[in-house]
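Here is a short report on two parts of one protein model. Look at the structure first, then read on.

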Amino acid sequence: MRQTNLFSKTRKDAPKDEVAKNAQLLIRAGYIQKELAGVYSFLPLGLKVLNNIVSIIREEMLALGANEVSLTALQDKSIWEKTDRWSDKSMDVWFKSELKNGTEIGLAATHEEPLTRIMKDHVRSYRDLPRSVFQFQTKFRNETRAKSGIMRGREFLMKDLYSFSADEKSHQEFYDRVAESYKRIFEKVGLGSKTFMTRASGGSFAKFSHEFQTITDAGEDAIYTHADAPFAINEEIFNEPEAFEGLTLEKKDFEAQNAIEVGNIFSLGTRFSEALGLTFLDSQGKPQPAVMGSYGIGPGRVMGTIVELLSDEKGIVWPESVAPFKIHLIEIAGSPDTHEKTVALYNMLTALKIETLYDDRDMRPGEKFADADLIGIPFRVVMSDKTIAGGGVEVKKRNEESAVIISEKELLAKFPSSNPVSNSADTDHSFNS
């Protein structure tokens with residue numbers, strides 16, 4: 001994409017009422033637009049990042065054998081009454097409304113009830129289980145506090161996965177597979193080294209649930225970690241004896257750290273299936289309630305966490321896996337020959353499907369470089385009279401200070417093309433020479 005065609009622009013300052021670093025940087029870099037507290041629109045750059053995160057999550061959900069659906073945002077009051085979750089006393093984040101005929105409805109905060117009712121029409125026998133269903137859908141939650149940017153919104157995209165099993169053993173096997181899948185997701189998006197599977201309260205559903213918590217100063221939660229422990233422990237249950245079930249480590253050896261919850265997995269037991277009548281006939285022909293699980297990841301929350309964790313004083317530093325573009329190609333105005341060579345390189349990169357943002361704006365070099373650092377694309381490639389005289393183009397990784405001048409041929413060899421026709425098995429795609 002040519003940067004002159006990108007309608008969103010960078011800005012020097014974020015809104016004065018925006019206190020979260022992730023939102024400040026994303027607004028300044030032109031990724032999102034603040035509509036009101038906890039509500040953000042995703043602009044072209046932001047949507048590309050969000051979609052890249054969604055693609056990583058979707059790939060892992062499909063690998064689990066889950067089916068993707070798209071459920072309605074408008075919710076039927078009656079099914080929530082059956083599970084005693086319509087009342088604000090049991091679930092205080094509802095956005096509720098009313099149809100013109102007086103019928104009360106809710107805006108989706110979660111989807112256990114609607115999906116359980118749907119599954120009643122598709123599950124008859126133990127042979128129909130296990131089943132798992134997921135979606136990416138906008139959720140609405142009436143949060144009392146919305147000061148964490150896109151890490152805690154009142155309107156946000158959620159990946160929610162639900163599982164239906166014939167017994168506890170089958171459920172636990174799937175639950176463990178989801179846990180491993182989540183670990184891979186957070187590794188792929190660049191948060192793996194700072195993200196811990198964390199024991200948390202299971203509420204009324206189970207002894208424990210598990211959260212995936214990423215260590216960051218901006219975190220709203222506190223978790224206890226230990227170098228030799230296979231999991232962390234949420235502060236909420238740290239003083240409960242069950243929290244250390246199976247660990248020989250001393251409680252005093254754990255370290256408290258701030259963290260943001262980027263995902264969670266819950267065992268739901270049979271609460272929803274019993275309340276809503278989701279049963280199946282077992283091998284003996286007897287009706288049994290399905291055992292359920294719920295598994296969530298907020299792609300926008302992941303995006304905000306990446307910015308909080310990986311940005312520096314100049315701006316955002318995107319991991320390659322989620323960045324809106326692979327290369328930020330910057331032309332420094334010079335001779336007509338330099339312009340022609342830059343355009344030719346851009347066209348070649350585009351033909352090879354190497355995603356490139358081409359800064360063709362009529363601006364000073366310093367302004368272009370500052371914008372490039374703020375936007376945070378992994379590789380900056382500069383073409384000018386000077387680089388051409390030096391042998392080609394100047395290449396610099398966003399998270400490194402030094403740059404190198406290499407030939408265009410070497411540049412193309414450093415980046416894998418997503419065009420299968422142009423790929424070669426013996427091409428050196430590593431960046432380091």
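## A sheet and a residue

In strand 6, Ile-105 is the bridge partner of Ser-97. The model is predicted.

Strand 6 covers residues 104–107. Four bridges join strand 6 to strand 5, and the two strands run antiparallel.

The wider sheet has three strands. The sheet is open, and its order is 4-6-5. The pairing is antiparallel. Strand 4 and strand 5 are the edge strands, and each pairs on one side only. From one strand to the next, the twist averages 40°.

The table lists the edge strands with their residues.

| Edge strand | Residues |
|---|---|
| Strand 4 | 74–76 |
| Strand 5 | 95–98 |

Now turn to another strand. Strand 11 spans residues 221–225, and Asp-221 lies in it.

Is Asp-221 buried, exposed or partly exposed? Its relative accessible area is 24%. Buried means under 20% and exposed means over 50%, so Asp-221 counts as partly exposed.

Which residues does Asp-221 touch, leaving aside its neighbours within four places in sequence? Asp-221 is in contact with Gln-213, Gln-257, Asn-258, Ala-259 and Glu-261. With Gln-213 there is also a polar contact, side chain to side chain, at 3.0 Å.

Lys-188 gives a further distance. Asp-221 and Lys-188 are 33 residues apart in sequence. In space, they are 23 Å apart, C-alpha to C-alpha.

Notes:
Residues are numbered from 1 along each chain as its sequence is written. This is a predicted model: local features need pLDDT of at least 70, side-chain atom pairs count only at pLDDT 80 or more; totals for chains, interfaces and linings use all residues. Side-chain values use heavy atoms; hydrogens and water are left out. Two strands pair if DSSP finds at least two bridges between them. Axes are lines fitted to C-alpha atoms, for helices over the stretch in contact, and angles run from 0 to 180 degrees between N-to-C directions. Buried means under 20% relative accessible area, exposed over 50%, partly exposed in between (1.4 Å probe, protein chains only). Contact means heavy atoms within 4.5 Å. A polar contact is a pair of N or O atoms within 3.5 Å; within protein, one must be able to donate a hydrogen and the other to accept it, and residues adjacent in sequence count only if both atoms are side-chain atoms.
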